[in-house]
Amino acid sequence: MPLLKIQTNQPLSQADARSLAAKSSRMVAELLGKPEAYVMVSVETNAAMQFAGTEEPLAYLELKSIGLPKTITSPASRALCDLVTAETGIATNRIYIEFTDAPHNMWGWNGDTF
């Protein structure tokens, strides 16, 4: 049920985008203590985006999960920023992350909700 969406204005090769998705999937599972079998990651590259009035390299991440504890948002922010920076070269001060705790009845899967 965790979903991590990564958007960046930077072009990444298909191999680099897949590598970022795979590393992010493992990290999210570890951070949230949830099975990776339920983690979904989406990486969108080369998007038309601006931050602080410029098109310098940037990224926007959304991490949504049922029961997302507030206590993990700060360490998750550090870990995800560090990963995105290592994989893309985007400075951490050019990365926003939105954390959302989704109610179980508002998250659908397999023809039902959690």
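User: Let's start with Val-43. Where is this residue found?

Analyst: Strands (E, at least two residues) and helices (H or I, at least four) are runs assigned by DSSP and numbered from the N terminus. Val-43 sits in strand E2. Before we go on, keep in mind that this is a predicted model, where local features need pLDDT of at least 70, side-chain atom pairs count only at pLDDT 80 or more, and totals for chains, interfaces and linings use all residues. Residues are numbered from 1 along each chain as its sequence is written, and side-chain values use heavy atoms, with hydrogens and water left out.

User: Is Val-43 buried, exposed or partly exposed?

Analyst: The scale is relative accessible area: buried is under 20%, exposed is over 50%, and partly exposed is in between (1.4 Å probe, protein chains only). Val-43 has 22%, so this residue is partly exposed.

User: And what does Val-43 touch, leaving aside its neighbours within four places in sequence?

Analyst: Contact means heavy atoms within 4.5 Å. Once those sequence neighbours are set aside, Val-43 is in contact with Ile-6, Ala-17, Leu-20 and Ala-21. There's also a nice case of sequence against space: Val-43 and Gln-7 are 36 residues apart in sequence, yet their C-alpha atoms are 6.0 Å apart.

User: How do I read the sheet? In what order do its four strands come?

Analyst: Strands of a sheet pair through backbone hydrogen bonds, either parallel or antiparallel. Here, two strands pair if DSSP finds at least two bridges between them. The four strands make an open sheet with mixed pairing, in the order E2-E1-E3-E4. E2 and strand E4 (95-102) are the edges: each has a single partner strand, so one side of each has no neighbour in the sheet. On average, neighbouring strands are turned by 10 degrees against each other, direction ignored.

User: What packs on that sheet?

Analyst: For angles, lines are fitted to C-alpha atoms (for helices, over the stretch in contact), and the angle between N-to-C directions runs from 0 to 180 degrees. Helix H1 (residues 14-32) packs on the sheet and touches strand E1 (3-8), E2 and E3, with its direction at about 145 degrees to that of E2. Helix H2 (residues 73-88) packs on the sheet too, touching E1, E3 and E4, and its direction makes about 135 degrees with that of E4.

User: Which way do the pairs involving E3 run?

Analyst: E3 and E4 run parallel and are joined by eight bridges. E1 and E3 pair in the antiparallel sense over six bridges. You can follow a row across: Ile-6 has Leu-61 as its bridge partner in E3, and Leu-61 in turn has Ile-97 in E4. Tyr-60 is bridged to Tyr-96 in E4.

User: How many residues of E3 are buried?

Analyst: Six of its eight residues are, so E3 is largely enclosed by the rest of the structure. Take Ser-65, which lies in E3: its relative accessible area is 1%, so Ser-65 is buried. Its contacts beyond four places in sequence include Met-1, Leu-32 and Thr-100.

User: Now the loops. Which sign does phi have at Asn-46?

Analyst: Most residues other than glycine have a negative phi. Asn-46 is not a glycine, but has a positive phi of about 60 degrees. Asn-46 lies in the loop between E2 and E3 and counts as exposed because its relative accessibility is 53%. Asn-110 also has a positive phi, about 55 degrees, and sits in the loop between strand E5 (108-109) and strand E6 (112-113).

User: Last one: what lines the largest pocket?

Analyst: Rolling a probe the size of a water molecule over the atoms shows where empty space is left. On a 1 Å grid over the protein atoms alone, a pocket is an open set of points where a 1.4 Å probe fits, with protein on both sides within 12 Å along at least five of seven lines, and lining residues have an atom within 4 Å of a point. The lining of the largest pocket includes Met-1, Tyr-38, Trp-107 and Phe-114.
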